[in-house]
Amino acid sequence: MTLKEYKRKRNFEKTSEPKGVDGAHIPGWQFVVQKHAARRLHYDFRLEIDGVLKSWAVPKGPSIDPAVKSLAVHVEDHPLDYATFEGVIPKDQYGCGSVMVWDHGTWAADGDAAKTYKDGKLTFHLSGEKLKGSWTLVRMGGPAGDSGKNWLLIKRADELAKEGDNYGILKRLDKSVLTDRSLQQIEVDADQVSTTGTRPSNGKSQSSSQKTRSSQATRKSQKKKTASNRKRNESKLIASARPDAVARITKARQRPQPKVLKPQLASLAKNVPAGDSWLHEIKFDGYRMLAFIESGNIRLITRNGNDWTNKFPAICAAVEALRLNEAILDGEIVAFDENGGSDFQRLQNSIKRHNDT
């Protein structure tokens with residue numbers, strides 16, 4: 001929960017890595033995997049826990065083959081904004097080399113993440129652009145555990161696992177999820193930023209003043225490009241820390257949240273509308289409900305404006321787990337019978353028993 005060791009190892013006047021702030025936080029449980037060409041090529045696997053990125057260096061990288069147990073060496077905590085760091089760490093700095101954001105997304109722990117992390121066994125679900133499904137991180141014991149530093153990263157057997165793949169996913173998907181660049185391209189781009197001059201196309205050498213102007217123009221252009229990429233990457237990362245439907249929203253404009261909304265209601269029709277301009281969904285037999293989230297506080301409001309927050313504590317807890325600061329969610333509260341159909345009487349009975357689970 002502290003970045004003291006992270007900051008001790010770095011000179012932020014020389015490296016472009018983020019300084020970070022102890023306890024800083026943005027909504028969402030994010031994870032990131034960074035491909036890192038340091039002294040030895042490896043992958044850094046990071047999970048957001050308690051306001052920092054808990055980090056493991058994975059020498060061979062993650063594998064989606066359940067038979068493969070990848071060594072993961074626990075290293076110092078990293079700041080949350082490190083999740084968007086992509087570039088080159090200078091040669092005289094700790095961890096020098098090219099860094100790529102190989103994958104990122106959200107993760108969900110089985111149980112209390114902070115507790116299971118301390119206990120030495122994390123089981124979780126990844127929703128990344130490359131890594132998905134159920135995984136385990138387990139701390140090794142005995143001499144092989146190296147005083148708690150050595151863990152194993154293992155893909156659990158599910159429909160998203162691929163037996164016999166070994167480390168094939170690393171070769172098939174070897175570009176940055178943020179900029180679609182390879183490690184070599186990231187290194188070349190960094191060299192272009194630091195260049196002190198350029199050679200004209202006719203092969204003639206430039207004067208000192210021409211080199212200076214060319215260098216300044218190159219750095220200025222690259223600086224704008226870098227700033228634009230960083231802004232886009234951060235927006236993309238924050239969006240990925242939300243549910244998928246929210247992440248797909250583009251060109252949204254900020255404005256004050258309305259205090260009251262009148263949701264549209266379904267109406268009976270004799271025929272189903274034809275054409276590709278219509279979407280169809282099942283009409284469940286339950287209560288239409290709006291979840292208002294303001295500064296993290298949750299209110300459940302019926303379509304008639306009644307406050308039913310106290311009637312559904314489990315649903316409030318589920319909404320709270322989304323870790324959204326400002327949002328309005330529209331949905332239907334239903335109870336299902338043994339055959340998977342909505343049962344309005346069962347829903348009413350559960351409300352009377354004060355049991356919304």
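**Entry 1: Glu17**

I began with one side-chain pair: Glu17 and Tyr82 make a polar contact through their side chains, at 2.6 Å. The model is a predicted one, and I read every distance here with that in mind. A second polar contact runs from the side chain of Glu17 to the side chain of Thr15, at 2.8 Å. I then looked up where Glu17 sits. Glu17 belongs to the loop between helix H1 (4-8) and strand S1 (30-37).

Is Glu17 buried or exposed? I found a relative accessibility of 4%, and under 20% means buried, so Glu17 counts as buried. I listed what touches Glu17, leaving out residues up to four places away in sequence. The list is Tyr6, Arg10, Phe12, Tyr82, Phe85, Ile89 and Tyr94. Tyr82 thus appears both as a touching residue and as a polar partner of Glu17.

**Entry 2: salt bridges**

I counted next. The structure holds 18 salt bridges. One of them joins the side chains of Asp92 and Lys14, at 3.2 Å from N to O. This pair links distant parts of the chain, 78 residues apart. Asp92 is in the loop between strand S5 (87-89) and strand S6 (97-109), and Lys14 is in the loop between H1 and S1. For Asp92 I noted a relative accessible area of 51%, which makes the residue exposed. Lys14, at 47%, counts as partly exposed.

I went on to Glu86 and Arg181. Their closest N and O atoms are 3.0 Å apart, in a salt bridge. Here too the pair links distant parts of the chain, with the two positions 95 residues apart. I placed Glu86 in the loop between S4 and S5. Arg181 is in the loop between helix H3 (168-172) and helix H4 (183-194). Both residues of this pair are buried.

My third pair was Arg156 and Asp110, a salt bridge with the closest N and O atoms 3.3 Å apart. Arg156 lies in the loop between strand S9 (150-155) and H3, and Asp110 in the loop between S6 and helix H2 (113-119), so the pair ties together parts 46 residues apart in sequence. Arg156 is partly exposed, at 32% relative accessible area. Asp110 is partly exposed as well, at 40%.

I also traced salt bridges that share partners. They join Glu5, Arg8, Lys9, Arg10, Glu17 and Glu76 into one network. That brought me back to Glu17, the buried loop residue of my first entry.

**Entry 3: Ser63**

I turned to another loop residue. Ser63 is placed between strand S3 (52-58) and strand S4 (69-78). Its relative accessibility is 2%, so Ser63 counts as buried. I checked its side chain for polar neighbours. A polar atom there lies 3.1 Å from the backbone nitrogen of Asp65. With residues up to four places away set aside, Ser63 touches Val68, Ser70, Trp135, Lys155, Asn166 and Tyr167.

**Entry 4: nonpolar cores**

Which residues touch the most other members of the largest nonpolar core? I found Phe45, Leu47, Phe124 and Leu137, in a core of 29 residues. Strand S2 (residues 41-49) gives this core its largest share, 4 residues. Apart from it lies another core, of 15 residues, and its members include Ile298, Trp308, Leu324 and Leu347.

I followed Phe45 further. Beyond its neighbours within four places in sequence, Phe45 is in contact with residues including Phe31, Val33, Lys54, Trp56, Phe124, Leu137 and Leu153.

**Entry 5: helix H8**

I took up Leu347 again, this time in its helix. In H8 (residues 344-352), the buried residues are Leu347, Ser350 and Ile351. Looking down the axis of H8, I saw them fall within an arc of 100°, so they line one face of the helix. I asked what covers them: strand S10 (287-294) and strand S12 (326-333) are included in the cover. At the N-terminal end, Asp343 caps H8, with a side-chain oxygen 3.1 Å from the backbone nitrogen of Gln345.

**Entry 6: the whole protein**

I closed with totals. The protein has 8 helices and 12 strands. It has 357 residues, and 38% of them count as buried. Among contacts between residues at least 6 apart in sequence, 60% join residues at least 24 apart. The exposed area is about 21900 Å², with 51% of it supplied by carbon and sulfur atoms.

Conventions:
Residues are numbered from 1 along each chain as its sequence is written. This is a predicted model: local features need pLDDT of at least 70, side-chain atom pairs count only at pLDDT 80 or more; totals for chains, interfaces and linings use all residues. Side-chain values use heavy atoms; hydrogens and water are left out. Buried means under 20% relative accessible area, exposed over 50%, partly exposed in between (1.4 Å probe, protein chains only). A polar contact is a pair of N or O atoms within 3.5 Å; within protein, one must be able to donate a hydrogen and the other to accept it, and residues adjacent in sequence count only if both atoms are side-chain atoms. Contact means heavy atoms within 4.5 Å. Accessible areas come from the Shrake-Rupley method with a 1.4 Å probe; for residues, only the protein chains shown count as cover. The arc is that of the directions from the helix axis to the C-beta atoms. A nonpolar core is a set of buried Ala, Val, Leu, Ile, Met, Phe, Trp, Tyr and Cys residues joined through side-chain atoms within 4.5 Å. A salt bridge is a side-chain nitrogen of Lys or Arg within 4 Å of a carboxyl oxygen of Asp or Glu.
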